[in-house]
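Got the model open in your viewer? Let's walk through it one selection at a time.

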Amino acid sequence: MDIILMGAPGAGKGTQAARLKTALGYKHISTGDVLRSEIASGSELGKKVGAIIQKGDLVSDELMLSILKEVVSGVQEPIIFDGFPRTVPQAEMLNTMLASLGRELGKAVEISLPDEVVVVRLSSRKQCKLPSGEVKQIGPDFSLEDCAAQGGEVFTRKDDSAESIAHRLQVYHQQTEPVTAFYKQAGKFVAVNGDQHPDQVLNDLLNVLK
Ligand code: AP5
Ligand code: MG
């Protein structure tokens, strides 16, 4: 069964999705990563969404769904959705899409984190672009030394500016938080505390996903 990882910007969705992928063999689909690779490729779609992401606004539901349909079709493994759905209409569209593909949604798990911790984490986040183009997060699983040793280049995400972080949090509270009620009503919602060591967060995730 597929799962959804929810949570504020910087809650640790990407970090934990990568760990769950290794631990449980899921396919990790991050809509943010998909959009960022479109921007990096210079495609028409990338040009359309670049400014939206940099500011911290959401890409339209229709566009997001059409991108996602393409990414999901043909996937055999169970999927971890990271950063999708972000609005109630996206949650409704996801239900329809999964049903049409004969897939089933298990749990929607929120990694909870207070806003003040989000701000600290995102203002200090660093990424590493490897010569292959792959982007790694600098953190407990990949250090600055690992980045240098593999010939990578350290950079900061454009939407990690102070203004964009504040705006992303506002958008999260206004547009994404209502999605939790949607999954509570469906009996699929669970939450774990994201303000702990990443190993403990993973442990809690594995427990609620049992
Ligand atoms: P997206 O890429 O999804 O960004 P986000 O939701 O803002 O979340 P982040 O990726 O910044 O954080 P994360 O939760 O993955 O945390 P991470 O593991 O990196 O989306 C970007 C943009 O794309 C959106 O703003 C929007 O414009 C657009 N978009 C995407 N999906 C969309 C959709 N469905 N609809 C419309 N628009 C969409 O961790 C953060 C930092 O904390 C790292 O430095 C990490 O090392 C550190 N860290 C992680 N865990 C811990 C821990 N336990 N303790 C200490 N540090 C930790
Ligand atoms: Mg992420």
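How far is an oxygen atom of ligand 1 from an N or O atom in the side chain of Arg86? Select both and check: the two atoms are 2.4 Å apart. Keep in mind as you click around that this is a predicted model.

**Stop 1: the ligand**

Stay with ligand 1 and bring up the backbone of Gly12. One of its N or O atoms sits 3.1 Å from a ligand oxygen. Now do the same for Gly14, where a backbone N or O atom is 2.9 Å from an oxygen of ligand 1. How much of the ligand does the protein bury? On its own, ligand 1 exposes 1,000 Å², and the protein buries 92% of that.

Next, colour the secondary structure. Helix H1 (13-24) and helix H2 (31-41) are the elements that give two or more residues to the shell around ligand 1. Of the elements, H2 gives the most, with four residues.

Now show the whole shell. There are 31 residues around ligand 1, and the ones that come nearest are Thr15, Asp57, Arg86, Gln137 and Arg168. Colour the shell by residue type and you'll get eleven nonpolar, eleven polar and nine charged residues.

**Stop 2: His167 and its partner**

Hang on to Asp57 from that list and add His167, which is in helix H8 (residues 162-176). The two side chains make a polar contact at 2.6 Å. Which residues does His167 touch, not counting those up to four places away in sequence? Select Lys55, Gly56 and Asp57 to see them. For a sense of scale, draw a C-alpha to C-alpha line from His167 to Gly74: the pair is 93 residues apart in sequence and 35 Å apart in space.

**Stop 3: a cis peptide bond**

Go to Phe84 and Pro85. A cis peptide bond joins them, with omega at about 0 degrees. Where is Pro85? Look in the loop between strand S3 (79-82) and H5.

**Stop 4: two helices packed together**

Follow that loop into helix H5 (residues 88-100), then select helix H9 (residues 178-185) as well. The two pack at an angle of about 40 degrees, with their axes 8 Å apart. That angle is why H5 counts as oblique to H9. To see the contact itself, show side chains for Val88, Ala91, Glu92, Leu94 and Asn95 of H5, together with Pro178, Val179, Phe182 and Tyr183 of H9. What kinds of residue make up this contact? They divide into seven nonpolar, one polar and one charged.

While you're on helix H5, pick out Met93, which lies in it too. Leaving out residues up to four places away in sequence, Met93 touches Asp61, Glu62 and Leu65. For another long line across the model, join the C-alpha atoms of Met93 and Gln127: they are 34 residues apart along the chain and separated by 32 Å.

**Stop 5: Leu63**

Last selection: Leu63, found in helix H4 (residues 61-72). Set aside its neighbours within four places in sequence, and Leu63 is in contact with Leu45 and Val49. To tie this back to the ligand, select Arg168, one of the residues that come nearest to ligand 1. Leu63 and Arg168 are 105 residues apart in sequence and 19 Å apart in space, C-alpha to C-alpha.

Key
Residues are numbered from 1 along each chain as its sequence is written. Chains are lettered from A and ligands numbered from 1 in the order in which they are written. This is a predicted model: local features need pLDDT of at least 70, side-chain atom pairs count only at pLDDT 80 or more; totals for chains, interfaces and linings use all residues. Side-chain values use heavy atoms; hydrogens and water are left out. A residue is near a molecule or strand if one of its heavy atoms lies within 4 Å of it. A polar contact is a pair of N or O atoms within 3.5 Å; within protein, one must be able to donate a hydrogen and the other to accept it, and residues adjacent in sequence count only if both atoms are side-chain atoms. Accessible areas come from the Shrake-Rupley method with a 1.4 Å probe; for residues, only the protein chains shown count as cover. Ala, Val, Leu, Ile, Met, Phe, Trp, Tyr, Cys and Pro count as nonpolar, Asp, Glu, Lys and Arg as charged, and the others, Gly among them, as polar. Axes are lines fitted to C-alpha atoms, for helices over the stretch in contact, and angles run from 0 to 180 degrees between N-to-C directions. Angles under 35 degrees count as roughly parallel, over 145 as roughly antiparallel, 65 to 115 as roughly perpendicular and the rest as oblique. Contact means heavy atoms within 4.5 Å.
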